[in-house]
Each structure stands twice: as structure tokens, then as C-alpha cells.
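Visitor: Before we begin, I should like to understand on what grounds the terms used for a structure are applied. Could you take me through them case by case?

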Amino acid sequence: MNKKDLSIVILAAGKGSRMKSNKAKVLHHISGKPMLYHIIKTSQEISNDITIVVAHQKDEVIKEISKFFTNINFVTQDAQNFPGTGGAMMNILPKYESVLVLNGDMPLISADALSGFLNSNAQIIMSIFELGDPSGYGRVIIENGEVLKIVEHKDANKDELKVKSVNAGVYAFSSSVLKKYIPLLKNDNAQKEYYLTDIISLAKADSISIVPLLVDEEHFRGVNSKEDLAECEVIMQERIKSHWMREGVIMQLPNTIYIEESVKFEGECKVENNCRITGDTLISNSHIKSSSVIEDSRIIDSDVGPLAHIRPMSQLKDTHIGNFVEVKKSSLIGVKAGHLSYIGDAQVDEGTNIGAGVITCNYDGVNKYKTIIGKNVFIGSDSQLIAPLVVEDDVMIAAGTTVTAAKIQSGVLAISRTKLTIVKDFYYKFFRKV
Ligand code: UD1
Ligand code: CA
């Protein structure tokens, strides 16, 4: 199929009331991106005429989606007067004769899974799957191998409710079929909505042939509730992790690992169980140990964790980060920070060792300040580095020091300690052991 021959319409104007959320359904995230993002990305592989129908929370939907895509058309549904999936199709002007209609709440569709809709000149192709529990879906009524109509769950009678063949919500129409039948849709049904699905019985009455296409649930299931959202997340995660394992990343207990679709790996990487890696992150030739969280950062030739938190805009190179270390908006090159530290708004250079419990005090309650640490600096355990601060190369900061100067020059020892006092027999007196 030539990309130029197909128009795609994605319905994303509905309220999604079953989500029980103030956020528009299609903006709920799957693997770090709005549900709608995934279906648009797939659509772009096969079409250059993509229209999103919006209405509910229109401004938010347009704003969010425009962050990721240009060259997308938005059309507003008059959802007040013409609610429903049929109403959503009323202002559409497709560029091409073939029109693929997708529901915005189907984030798992892939271009391959759509190929069956594209390689035919049928006037109408509709998608069907068989579900053990068909509740909520439109039932497809088939007689003598021919599709007669689709009955929505809320309009179905007792016998129709038993039908397990359901409408998956993807259709290929010729634009002439849409032009003819969309204006004929009525809202005389349980939900007082204009159902796109009624186009099937209208076309059938005119003897237009309707081609049913059996599709699989893994790609075509819709998200109506937060339970569906969680189930689709599992499938999307499996796909993302399988992809990276095929690319050579080692994952231990991959079912416990969460990796967003924007994350990239390079070279030989290993990710242990319970890790969460999100946002615009690159992991290159590195080892991420158990239960670590990495957000929007670059980790190169380094090891992180277990139980470390690398927060946005951090860059680690040739660096060792141990347990209970939090790094935020910092660049660490050739550094060791093995235990229990907070390193924020900092820049730390080669050969520097950050002892257990070291804290960059980067915030005074109003503003944030930078800490710049040079090469081969030894920072003793439990030191507080009060920013703004520059520590030059070759400095030793003694354990327990609070560094209040703005600059520590090369070659020195910085130490701040209260004198140790020894009180004889205090213990025995205090606990009345004498
Ligand atoms: C729809 C189908 C149903 C099918 C199911 C598959 C209809 C009438 N029913 O039901 O047969 O089994 O999908 O997932 O089409 N939308 C609009 N404008 C609206 C209403 C909805 O754009 O006025 C959009 C929604 O944002 C959503 C999509 O259309 O992305 C489907 O709407 P939804 O309410 O989820 O339809 P279902 O009840 O699931
Ligand atoms: Ca749906």
C-alpha cells in the first residue's frame, strides 16, 4: 500500500466516562506517552493524511499531541448536538478514496496488524474479534456468513448479548460510502448517540458488501477503564522490553522492569529486576542494578544502584553510583559515589570520591545553587557542601565537614569539627549501673 493512497481518521472526542477521571481518556499514558500518541505513530507509518477528531478537552488534547507530531489535522466534533462515534465522522473531509477509521483508545495497534484493511478494494471492511467476555463491545450480528448489523451492548436484547463476535472498532470505508451514509445516521438508541456502527445495517440494506476481518485481541483491544489501561500497559511493556532484549540488553526478571518507549540503549547493557527507566534516557554500556529509578538522563560506561535514583537532566560517565544515592541535574564524569548521598545541581570531575552521606545543599528555600567539584577530590563521609561552591582539583574534605566557603583552593584540607569531649563514667552514672 502506497502511503499516499490512504486517509486515516482517529476518533478521540469522547468523554471516556468509564475511566472515572478528569483527564481525557486518550491522554492517559501507556509506557510514558499518551494513548493517542501510540496510535498516531502507527498511523504515520501508513498514511500522510491523518485527522484526529476532538471535542472533550479539545485544547488539552491538541496541545499534548502537538508536542510530538506536526502534519496532523484536528477536526472538532459538534458533540453537543451530534454525540457518538457517528457524530465524530460528520465534519471529516478525507483527502483520499480509502479511509481507515480508528478509535483513539486502541494504543496497541501496529501497522502490520492493519495491513488486512489496506489491501482490498471493498467498500466496507470491518474488524471482528471473539471475546470470552464481550461485555461493553458492540455485537456483530452475522447470518449465513454475512454481516447484518452491529448492536451496541446497551441496545442489545437477551439473545444479542450472548453473541461473542464483537466489533473491534476499526473500519476501512470508501469515502463515497461515508459521504452517503454518515448524514443518514440517527440517534434513536439507548444512548441517544449517533453510532458509526449503524452504517453497517444501512449499507447492508443497499446490498453493499461488508467484508468482516478477524483481528486479534492483542492489537485491537480498547481501553475503557483503568483496569484496561493497566492490562494494555503490560502488553506494551512486553513489546518494549522484548525489542531491547533482541537488541542485546540483558534483563533479569523482565516482568518486574518498567521501561518507557522513549528510552534508548546502546552497547552492552544489563538491567536488573525492579528497575524503572523513564523519559528521554540513554543507557550506554552500563549496568543498572536492582530497584533503581532513572529519569531523563544519560548513563554512559557506568554502574548504578542497587536502589539509586537518577533524576532528570543528569549525566553519568565512567561513574559508579551505589545504593541510596540520589543524583539530580548533575554531571558526573569518572566519579565514585558509593553510598547514601544527595548530589544535586552539581558538576563533578574525574577521580573524585564522594563519601557516604555527603550532601550538596543546593537549595536555600528560595533559590537553587550549583556545586562544582574538580578532579581527584576526596570528600569525607557525612560532609555538607553548601552551594554555591567551587572545590578546585586535589582537595581533601574531612569527614563531617560543613563547607561554608564559596571556594576551596587546590591542595588544601578543609575540616570543620567541634572538639571531641570525653566525660568519664558518664554511661554508668546515667544508666545507674554504679
Ligand atoms: C465502540 C463501538 C463498539 C465497539 C468498540 C470497540 C460505536 C457506537 N461503538 O464502542 O461497537 O465494540 O468501540 O472498541 O462506535 N468518540 C468520539 N466522539 C464521541 C464518542 C466517542 O470521538 O462522541 C471516540 C472516543 O474518544 C473513542 C472512540 O470514539 O476513542 C470510541 O468511543 P467509545 O465510547 O470508547 O466507544 P465504545 O463504547 O467502546
Ligand atoms: Ca472503546
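What follows is a discussion of a predicted model, taken up by residue, ion site, cavity and pocket.

Visitor: Why is Ser31 called buried?

Guide: Ser31 has a relative accessibility of 0%. A residue is called buried when its relative accessible area is under 20%, and therefore Ser31 counts as buried. Ser31 belongs to the loop that joins strand S2 (29-30) to strand S3 (33-34).

Visitor: What makes the pairing of Ser31 with Gln237 a polar contact?

Guide: The side chains of Ser31 and Gln237 approach to 2.9 Å. The cut-off for such a pair of N or O atoms is 3.5 Å, so the pair qualifies as a polar contact.

Visitor: Which other residues are in contact with Ser31, leaving aside neighbours within four places in sequence?

Guide: Besides Gln237, the residues in contact with Ser31 are Glu233, Met236, Ile240, Tyr258, Glu260 and Glu261.

Visitor: Why does Ile8 count as buried?

Guide: The relative accessibility of Ile8 is 0%, and the limit for a buried residue is under 20%; Ile8 therefore counts as buried. Ile8 is placed in strand S1. When neighbours within four places in sequence are left aside, Ile8 is in contact with Ser43, Ile46, Ser47, Asp49, Ile50, Thr51, Leu100 and Leu102. Ile8 and Ile359 are 351 residues apart in sequence, with 54 Å between their C-alpha atoms.

Visitor: Cys275 has a relative accessible area of 2%. Why is Cys275 still called buried?

Guide: The term does not demand a value of zero: any relative accessible area under 20% suffices. At 2%, Cys275 is therefore buried. Cys275 is found in the loop between strand S15 (270-271) and strand S16 (276-278). Not counting residues up to four places away in sequence, Cys275 touches Thr256, Ile257, Tyr258, Ile288, Lys289, Ser290, Ser291 and Ser292. Cys275 and Gln252 are 23 residues apart along the chain, and their C-alpha atoms are separated by 9.9 Å.

Visitor: What makes H1 mostly covered?

Guide: Of the ten residues of H1, eight are buried. These are Met35, Leu36, Tyr37, His38, Ile39, Ile40, Thr42 and Ser43.

Visitor: How do you know that Asp105 and Asn224 are donors of the calcium ion?

Guide: The donor atoms, OD of Asp105 and OD1 of Asn224, lie 2.4 to 2.5 Å from the calcium ion (ligand 2). For calcium the limit is 3.2 Å, so both residues are counted as protein donors. The pair links distant parts of the chain, with the two residues 119 residues apart. Asp105 is in the loop between strand S6 (98-103) and helix H4 (115-118), whereas Asn224 is in the loop between helix H8 (217-220) and helix H9 (226-246). Both donor residues, Asp105 and Asn224, are buried.

Visitor: How many cavities of 30 Å³ or more are there, and what lines the largest?

Guide: The count comes to one cavity, and the largest cavity has a volume of about 30 Å³. The largest cavity is lined by Ser7, Ile8, Val9, Asp49, Thr51, Ile92, Leu93, Pro94 and Lys95. Strand S1 (6-11) and strand S4 (49-54) are the elements that give two or more residues to this lining, and S1 gives the most, with three.

Visitor: Why are two residues of that lining classed as charged?

Guide: The lining divides into five nonpolar, two polar and two charged residues. Asp and Lys both belong to the charged class, so Asp49 and Lys95 of the lining fall into that class.

Visitor: What is the volume of the largest pocket, and which residues are closest to its centre?

Guide: The largest pocket has a volume of about 1300 Å³. Of its 41 lining residues, Gly14, Arg18, Lys25, Thr85 and Glu193 are the closest to the centre. By class, the lining has 15 nonpolar, 19 polar and seven charged residues. S10 supplies the largest share, four residues.

Visitor: Which element gives the most to the lining of the second largest pocket?

Guide: H9 gives the most, with six residues. The second largest pocket has a volume of about 400 Å³ and is lined by 17 residues, with His38, Lys41, Met236, Ile240 and Glu261 nearest its centre. Its lining divides into eight nonpolar, four polar and five charged residues.

Definitions and conventions:
Residues numbered from 1 in each chain as written. Chains lettered and ligands numbered in written order. Predicted model: local features only at pLDDT ≥ 70, side-chain atom pairs only at ≥ 80, totals over all residues. Heavy atoms only, no water. Buried < 20%, exposed > 50% of the residue type's maximum accessible area, 1.4 Å probe, protein only. Polar contact = N/O pair within 3.5 Å; in protein donor to acceptor, adjacent residues only side chain to side chain. Contact = heavy atoms within 4.5 Å. 1 Å grid on protein atoms, 1.4 Å probe; cavity = no way out; pocket = protein on both sides within 12 Å on 5 of 7 lines; lining within 4 Å. Points joined across faces, edges and corners; volume = space filled by probe spheres on them. Donors = N, O, S within 2.8 Å, 3.2 Å for Na, K, Ca; no water.
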